[in-house]
Amino acid sequence: MKFNELQNINELTSYVESTYSKHYASANGVQSMDLISASGLGLNCCLGNVLKYASRYGKKNGANRKDLMNIMHYTLLAINEYVLKESDNET
């Protein structure tokens, strides 16, 4: 790939994996995203977070690479929410 996509995908994979040790979860492993998704608000929540991190890029801690990782992570979560919504519509 011409634009280092594979390297960036690998970095994103490592970043996402690292976030699981940082998430607040109940004793049974339920995370906030589980509850948000179950309420039917998952896609909108994820898209809202994409906008949040995109709009603050360059403002909080300068041009922060972590904000870009958060944008991509929430985009992946949004894709998952989209797929869940589409599969619900098919049944």
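This is a walk through the structure in your viewer, one selection at a time.

**Getting your bearings**

Keep in mind that you are looking at a predicted model. Colour the chain by secondary structure to start. The chain has 4 helices and 0 strands, and read from the N terminus the order of elements is α-α-α-α. Turn the model around: along its principal axes, the C-alpha trace spans about 40 × 35 × 25 Å. Of the 91 residues in the chain, 23% are buried.

**Stop 1: the segment before α1**

Select N4, which sits in the segment before α1. What is the phi of N4 like? The phi is positive, about 60°, although N4 is not a glycine. N4 counts as partly exposed because its relative accessibility is 46%.

**Stop 2: along helix α1**

Now pick S18, in helix α1, and add E5. Draw a distance between their C-alpha atoms: the two are 13 residues apart in sequence and 20 Å apart in space. With a relative accessible area of 28%, S18 is partly exposed.

**Stop 3: the loop after α1**

Move on to V30, in the loop between α1 (5-19) and α2 (32-38). V30 has a relative accessible area of 31%, so it is partly exposed. Now add K59 to the selection. How many Å apart in space are V30 and K59, C-alpha to C-alpha? The answer is 32 Å, with their positions 29 residues apart in sequence.

**Stop 4: the nonpolar core**

Time to look inside. Here is a general idea to carry with you: in soluble globular proteins, nonpolar side chains tend to be buried together. To see the largest nonpolar core in this model, select M33, L43, C46, V50, Y53, I71, Y74 and A78, which are its 8 residues. Which elements give two or more residues to this core? They are α3 and α4. The largest share comes from α3, with 4 residues.

Keep I71 from that core selected and add K52, which is found in helix α3. Their C-alpha atoms are 8.5 Å apart in space, although K52 and I71 are 19 residues apart in sequence. K52 is partly exposed, at a relative accessible area of 38%.

**Stop 5: two salt bridges**

Show side chains as sticks for this one. The structure holds 2 salt bridges.

For one of them, select R65 and E11: their side chains meet in a salt bridge, 2.6 Å from N to O. This pair links distant parts of the chain, with R65 in helix α4 and E11 in helix α1, 54 residues apart. R65 is partly exposed, with 46% relative accessibility. E11 is partly exposed as well, with a relative accessible area of 28%.

Next, select D67 and R56. They form a salt bridge in which the closest N and O atoms are 3.0 Å apart. This pair also links distant parts of the chain: D67 belongs to helix α4 and R56 to helix α3, 11 residues apart. Is D67 buried or exposed? D67 is buried, because its relative accessible area is 0%, and buried means under 20%. R56 has a relative accessible area of 23%, so it is partly exposed.

**Stop 6: a patch of positive charge**

Switch on the surface. Select K22, K52, K60 and K66, which gather in a patch of positive charge there. You have already met K52, in helix α3. Zoom in on K60 as well. Where does K60 lie? K60 is in the loop between α3 (42-56) and α4 (65-90). At 43% relative accessibility, K60 counts as partly exposed.

**Stop 7: a nonpolar patch on the surface**

Leave the surface on for the last selection: L76, I79, Y82 and V83. Together they make a nonpolar surface patch of about 380 Å². Click on Y82, which is in helix α4. How can Y82 be part of a surface patch? A patch residue needs over 30% relative accessible area, and Y82 is partly exposed, with a value of 44%.

**Looking back**

Before you close the viewer, try showing a few of these selections together. Colour the core residues, including M33, L43 and C46, one way, and the nonpolar surface patch of L76, I79, Y82 and V83 another. Then add the R65 and E11 salt bridge, and the D67 and R56 salt bridge, as sticks.

Terms used. Residues are numbered from 1 along each chain as its sequence is written. This is a predicted model: local features need pLDDT of at least 70, side-chain atom pairs count only at pLDDT 80 or more; totals for chains, interfaces and linings use all residues. Side-chain values use heavy atoms; hydrogens and water are left out. Patches are made of residues with over 30% relative accessible area and no salt bridge: like charges are joined within 9 Å, nonpolar side chains (Val, Leu, Ile, Met, Phe, Trp, Tyr) within 5 Å. Accessible areas come from the Shrake-Rupley method with a 1.4 Å probe; for residues, only the protein chains shown count as cover. A salt bridge is a side-chain nitrogen of Lys or Arg within 4 Å of a carboxyl oxygen of Asp or Glu. Lys and Arg count as positive and Asp and Glu as negative; His and the chain ends are not counted. The place of a charge is taken as NZ of Lys, CZ of Arg, CG of Asp or CD of Glu. Buried means under 20% relative accessible area, exposed over 50%, partly exposed in between (1.4 Å probe, protein chains only). A nonpolar core is a set of buried Ala, Val, Leu, Ile, Met, Phe, Trp, Tyr and Cys residues joined through side-chain atoms within 4.5 Å.
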